[in-house]
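Colleague: Got a minute to walk me through this one? I'd like to start with a helix and work outwards.

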Amino acid sequence: MVTQVTEAVKVNERRNYIGSAHIAGILEIEGAYGTQFSIAHELKTGESVFDDDENLPEPISLGIELEPYVLRSYAKKERAKIYQSQPHFRMPGWDFLAATPDAMVESDDGFYRLVDAKVVGDYKWSEVPMRYEASSQWQLGIARAAGANVEECDLAVYHLPARRLVVYRVPFNPGSVS
């Protein structure tokens with residue numbers, strides 16, 4: 001059973017909490033969005049270097065444009081029903097810690113999984129890059145703490161040069177968020 005899911009949040013509301021997009025930067029993982037300083041500045045002031053669509057880096061802009069396509073392709077490939085788009089979870093007692101995955105799906109076996117859609121410029125991955133692993137673990141940890149019965153996060157990754165969708169299943173690792 002899924003509990004503690006609230007309505008999807010607007011992008012500018014995401015500057016009010018530490019979310020999965022911040023984790024790799026906070027942990028100083030290579031290839032992360034932002035630095036510890038830029039993330040602290042964004043959370044404190046609400047200002048971001050990406051305050052308007054004109055300043056968005058191309059990978060972020062493409063990700064926003066292609067996310068619905070990636071999620072539809074994922075649902076078809078995995079034969080999964082999208083249970084909720086952008087469910088929002090807050091850490092009980094710590095409201096400034098939150099997660100908003102791109103979707104939560106109910107699979108044929110009746111279990112729920114989180115889904116994070118990505119568009120990347122790589123042809124393929126031999127393993128999930130650490131910045132995405134950290135983001136997935138954060139989302140799973142927050143969702144579970146909020147009462148969601150999820151054990152896995154699927155990274156639905158559209159490899160742009162290869163024009164191919166690959167699903168990378170990330171199981172929850174309790175030690176990564178304790």
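Modeller: Sure, and keep in mind that this is a predicted model. Let's start where helix H3 ends: Arg79 follows H3, and its phi is positive, near 50°.

Colleague: Okay, and how far apart are the end C-alpha atoms of H3?

Modeller: They are 28 Å apart. With 21 residues at 1.5 Å a residue, H3 should span 30 Å, so the two values agree.

Colleague: Where does H3 bend?

Modeller: At Leu66, by about 50°. A proline, Pro68, follows within four residues of that point.

Colleague: Which residues of H3 are buried?

Modeller: Gly63, Val70, Leu71, Ser73, Tyr74 and Ala75. What covers them includes strands E1, E4, E5, E6 and E7.

Colleague: Let's move to the sheet, then. What's the strand order?

Modeller: E1-E4-E5-E6-E7, in an open sheet of five strands with mixed pairing. E1 (81–85) and E7 (164–171) have a single partner strand each, so one side of each has no neighbour in the sheet. From one strand to the next, the twist averages 30°.

Colleague: Do E5 and E6 run parallel or antiparallel?

Modeller: Parallel, with eight bridges joining them. Val115 stands opposite Asp154 in E6.

Colleague: And how does H3 sit on all that?

Modeller: H3, residues 58–78, packs on the sheet and touches E1, E4 (103–106), E5, E6 and E7. The direction of H3 makes about 135° with that of E5.

Colleague: What about H4, which strands does it lie across?

Modeller: H4 lies across E5, E6 and E7, and runs at about 145° to E6.

Colleague: Switching to the inside: which residues touch the most other members in the largest nonpolar core?

Modeller: Phe89, Leu114, Trp138 and Val150, out of 20 residues in that core. Helix H1 (20–26), strand E3 (94–99), E5 (112–120), H4 (130–145) and E6 (150–159) each supply at least two residues of it. The largest share comes from H4, with five residues.

Colleague: Trp138 caught my eye. What is it in contact with, leaving aside its neighbours within four places in sequence?

Modeller: Trp138 is in contact with Ile18, Gly19, Ser20, Ile23, Leu97, Ala98, Ala99 and Val177.

Colleague: There's a second core too, right? How many residues does that second core have?

Modeller: It has 12 residues and is separate, with Val70, Ala80, Val115 and Tyr158 among them. We've met two of those names already: Val70 is on the buried list for H3, and Val115 stands opposite Asp154.

How values were computed: Residues numbered from 1 in each chain as written. Predicted model: local features only at pLDDT ≥ 70, side-chain atom pairs only at ≥ 80, totals over all residues. Heavy atoms only, no water. Core = buried A, V, L, I, M, F, W, Y, C linked by side-chain atoms within 4.5 Å. Buried < 20%, exposed > 50% of the residue type's maximum accessible area, 1.4 Å probe, protein only. Contact = heavy atoms within 4.5 Å. Pairing = 2+ DSSP bridges. Axes fitted to C-alpha atoms, helices over the stretch in contact; angles between N-to-C directions. Expected span 1.5 Å × (residues − 1). Bend = angle between axes of the 7 residues up to and from the residue.
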